[in-house]
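Dear colleague,

I am handing over the structure we spoke about, with a short account of what was found in it. Please look through the sequence and the model first, and then read on.

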Amino acid sequence: MIGSIDYTKFLALFHSDKFKELWPAQSYVLNSYAQSFTSHADVAVELPTGGGKTLISLLVAEQWRRSNRKVAILSANKTLARQMRSEAQALGIPAVLMEGSRYDIPSQDKRSFQRAQSVAIMNYWVYFNQHPVIDPANLVVMDDAHLAEHCLHSLYSVEISRFEHKDLFARLVAELASRFPEYAVLADALTDDPSPTTPPELLSFVDQIAFAPQLKSIIDESPLLHSDKDLSFRWARARNSISEANIYLGLNSIWIRPYIYPLTSNPHYDTANQRLYLSATIGEPADLSRRLGVRRVVKIPVPDEYAEKTFGRRLIIMPREEEDGGLGNVGAAVVTALRAHPKCVWLCLSQAEALKLQSALPKWLASNGLVGHTTWLLTSLGNEIDEFKHSSKGHLLVAGRFDGMDFSGDECRLVVLMTLPRAINLQEEFISAYLRDSGFMTNRLNQRIVQALGRCNRSDDDFGVYVLADRRIAAYFGRESNKAHLPGNMVAEIDMAQDVADDPTSCVPRLEKFLRAEFREYDQDLQDYRAAVGSAPQQNEIVDTASDEVVAWNALFASQNYKVAAQSFDKCWQTSRAANLREMAALHGYHLAKALYLASRLGEPSAREKALAVMEQAIQRGGRSSWFNRMRASLNRAWRTGNVSAEIARQEYAETIVRTFDSLLETTGTRGNRFEEWCQSVTAQLGADDHKTYQRGLRELGRTLGYTATIPTGTGVCDCLWRGVFGNSREVITFEAKIEQQQRGQLSSADVGQVHSQFNRAVTEYGSSGYTVRSVLVSHLQALTPDAESAAGGIRVVTKQSLLDLWDKVRLTLSVYRDGWSLDDLAVRAAAADALRTRVPTTGWLVRALSVDHRFVSGGDLLADWGSPH
């Protein structure tokens with residue numbers, strides 16, 4: 001019997017020199033497993049990094065093997081698989097390591113596994129494979145379980161990247177933009193401007209199904225299918241499920257994937273008697289089911305004394321909330337750490353961020369006297385980890401991953417978390433941007449931070465420095481409720497980091513002592529902080545629809561059983577509405593409509609009308625966020641109704657302002673002085689006589705107004721450029737500032753000539769993409785010389801005071817919105833947004849204001865379409 005075992009006695013049978021006895025946490029988990037969890041199909045074990053999960057997995061695996069069951073232990077990469085094999089050897093259990101292609105794995109090893117003579121150890125890609133090389137296991141152990149998601153990306157999704165598939169990406173974006181111009185992200189993706197922050201969009205299933213034949217044709221014709229094996233493999237698997245997948249449109253990629261992967265349809269998952277998931281951050285089992293596409297997971301309860309234990313010492317460094325973040329503010333600490341221990345792991349949010357860092361890092365290192373440092377960009381198989389470990393100095397850059405790599409002692413003592421890890425792929429970015437009641441995304445964020453803070457702490461005597469470079473992390477932890485689910489020791493370490501950030505002069509001296517292993521002061525301080533940590537904040541009850549979501553997506557994507565998919569989506573739709581969820585409920589309703597719409601294409605009576613009716617209900621439920629507005633335009637296309645679409649386009653600017661104001665308030669908050677300090681800073685910049693200071697003011701005003709605002713560099717460029725995409729309206733505004741207090745009292749023909757040149761450049765760059773261009777002079781001067789007036793043509797002049805009047809209106813509108821706004825209460829936030837929409841002008845207001853028939857644009861002209869803020 002699998003469960004009838006005393007694991008303490010079982011371990012003693014091995015006489016291992018390394019594993020002599022069970023730790024209390026290991027003993028507790030193994031006894032619980034043996035007594036209560038051997039009959040469950042999906043079981044999760046959560047213990048902190050360094051808590052002994054490896055021995056737990058090996059003992060359970062060997063007990064199953066001795067019961068004549070086939071056992072496979074899966075790891076995130078080759079390095080971790082080899083470590084697991086080494087630990088198996090140290091324990092004394094028979095194990096075979098399987099890596100490489102099917103032809104690289106010896107037949108003898110396959111037989112040894114398949115006859116239950118050895119435990120098989122491999123990475124996820126070897127086991128979950130289109131053409132598996134071994135039989136399904138009876139017990140599947142999934143180590144660092146969340147990292148299985150990366151394998152499933154390659155098995156069930158296709159991503160067309162701006163960087164890796166430049167021409168194909170550009171053609172797809174151009175075709176989509178020409179057919180569906182209201183998707184703002186497509187217009188931004190057409191440019192080479194790296195500054196936009198437009199969130200991804202989910203292509204409406206109505207538009208997706210209409211575009212599917214063209215999409216297939218474009219990708220089928222791409223020469224990349226002959227040169228890029230990974231793209232070819234993925235496309236071959238996904239091509240026949242294009243209509244069932246979701247298509248996410250981003251600035252740098254197009255991602256075709258099911259919302260939930262259909263792992264339950266994979267025989268190597270489905271036929272196992274048990275799946276055992278191990279991680280330091282299992283979190284909510286329902287979300288693990290959602291991320292991996294697996295059946296309901298049961299987590300073994302673990303007492304806080306084991307669950308909250310952390311290992312070694314962590315010195316956390318972060319900028320103050322009001323600082324700009326990035327290496328500019330924490331760079332001195334990073335340099336200090338590198339001079340003592342010249343190795344660093346850089347955790348990045350995305351491949352694009354990692355590539356950008358890889359390009360900039362050598363120059364930054366050299367500028368600080370750090371030369372000869374190798375950089376590695378981690379790939380999916382993880383071979384770079386061993387190379388980094390064995391190097392004397394260097395930098396490992398990691399994109400979208402925060403666990404699955406462990407560094408002991410001097411292998412690495414410095415980790416830099418570059419960005420708040422709220423979302424690590426397009427689907428998560430979409431959810432974070434538009435589905436604000438998706439509580440599972442906050443839990444994922446905290447999981448990633450816990451994962452990041454454990455990479456260099458493998459034992460009680462280990463120590464590591466963790467730099468949280470993004471000021472949004474400081475702002476995030478400024479709210480006590482966001483520290484939920486963090487171990488108490490980590491909360492204390494973060495509290496200490498916040499106080500050190502308030503006294504920047506103490507940072508480097510503390511760091512130098514820490515790196516010299518002088519811990520007395522650190523230990524005393526941490527003890528005091530730990531004593532001050534209160535009980536964990538009460539968590540909101542989670543609405544669990546994961547099991548129905550998994551069934552629905554397996555039916556929709558894997559088997560095209562639209563009836564079963566619709567039934568399960570309807571359960572999600574009803575459950576989430578009953579729980580008073582708004583935007584997540586709307587997404588479930590949208591997916592229900594999609595299943596019904598697909599069924600209608602098979603001749604299901606009245607399914608099309610029902611699908612569009614449900615889509616209408618979902619849009620109403622979701623409110624007026626910009627993505628749901630997209631769905632309204634798409635629904636009108638399905639109904640062949642055009643007039644309403646024009647009205648939706650007029651409202652797009654208001655949706656942009658709501659999103660922009662929300663993002664700003666999430667950073668500055670509704671309490672304290674940060675908001676007022678920010679407002680005062682912008683006011684001072686827009687009133688400045690210094691040219692560079694005024695440029696920064698123009699940029700900040702443009703961003704607050706929802707534009708992508710930049711300060712161009714080079715010869716003959718404008719002082720500031722605002723580019724906006726609001727539905728199918730596209731605008732570019734260039735600004736030339738003449739604001740210095742000079743003796744002359746009039747703007748000259750040379751000034752006007754500069755603006756004409758900038759206008760022509762902008763028309764050349766943006767006109768072919770459908771942008772309306774306006775170019776203006778900004779000045780305190782209120783007259784033109786006669787020859788300047790003759791040459792001015794369509795050029796308009798905006799006085800400094802007029803822009804200050806506009807800023808005052810924006811500031812007041814934002815302040816009123818802030819007074820009624822809530823970060824946590826979605827209903828309050830939605831009511832504030834509805835009120836804000838009545839005060840914001842319609843799309844195209846600035847182009848209209850700059851098209852007046854007089855030369856000087858007044859504050860009244862700029863504010864003509866703005867409503868009262870009260």
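To begin with one strand: how many of the residues of strand β2 (residues 71–75) are buried? In this model, which is predicted, five of the five residues of β2 are buried, and the strand is mostly covered. The cover extends to both faces of β2, since Val-71, Ile-73 and Ser-75 are buried on one side, while Ala-72 and Leu-74 are buried on the other.

Strand β2 also has pairing partners. With strand β5 (residues 139–143) the pairing is parallel and runs over four bridges, and here Leu-74 has Met-142 of β5 as its bridge partner. Strand β4 (residues 119–123) is likewise joined to β2 by four bridges, in the parallel sense, with Asn-123 of β4 as the bridge partner of Ser-75.

Elsewhere in the model there is an open sheet of six strands, paired in parallel and ordered β12-β17-β16-β13-β15-β14. Because β12 (313–317) and β14 (374–377) stand at its edges and each has a single partner strand, one side of each is left without a neighbour in the sheet. From one strand to the next, the twist averages 20 degrees.

At the β14 edge, four bridges join β14 to the parallel strand β15 (residues 394–399), and Leu-377 has Leu-397 in β15 as its bridge partner. Helix α23 (residues 507–515) packs on this sheet, where the helix touches β12 and β17 (463–468), and its direction makes about 160 degrees with that of β12.

With best regards

Note on methods. Residues are numbered from 1 along each chain as its sequence is written. This is a predicted model: local features need pLDDT of at least 70, side-chain atom pairs count only at pLDDT 80 or more; totals for chains, interfaces and linings use all residues. Side-chain values use heavy atoms; hydrogens and water are left out. Two strands pair if DSSP finds at least two bridges between them. Helices (H or I, at least four residues) and strands (E, at least two) are DSSP runs, numbered from the N terminus. Axes are lines fitted to C-alpha atoms, for helices over the stretch in contact, and angles run from 0 to 180 degrees between N-to-C directions. Contact means heavy atoms within 4.5 Å. Buried means under 20% relative accessible area, exposed over 50%, partly exposed in between (1.4 Å probe, protein chains only).
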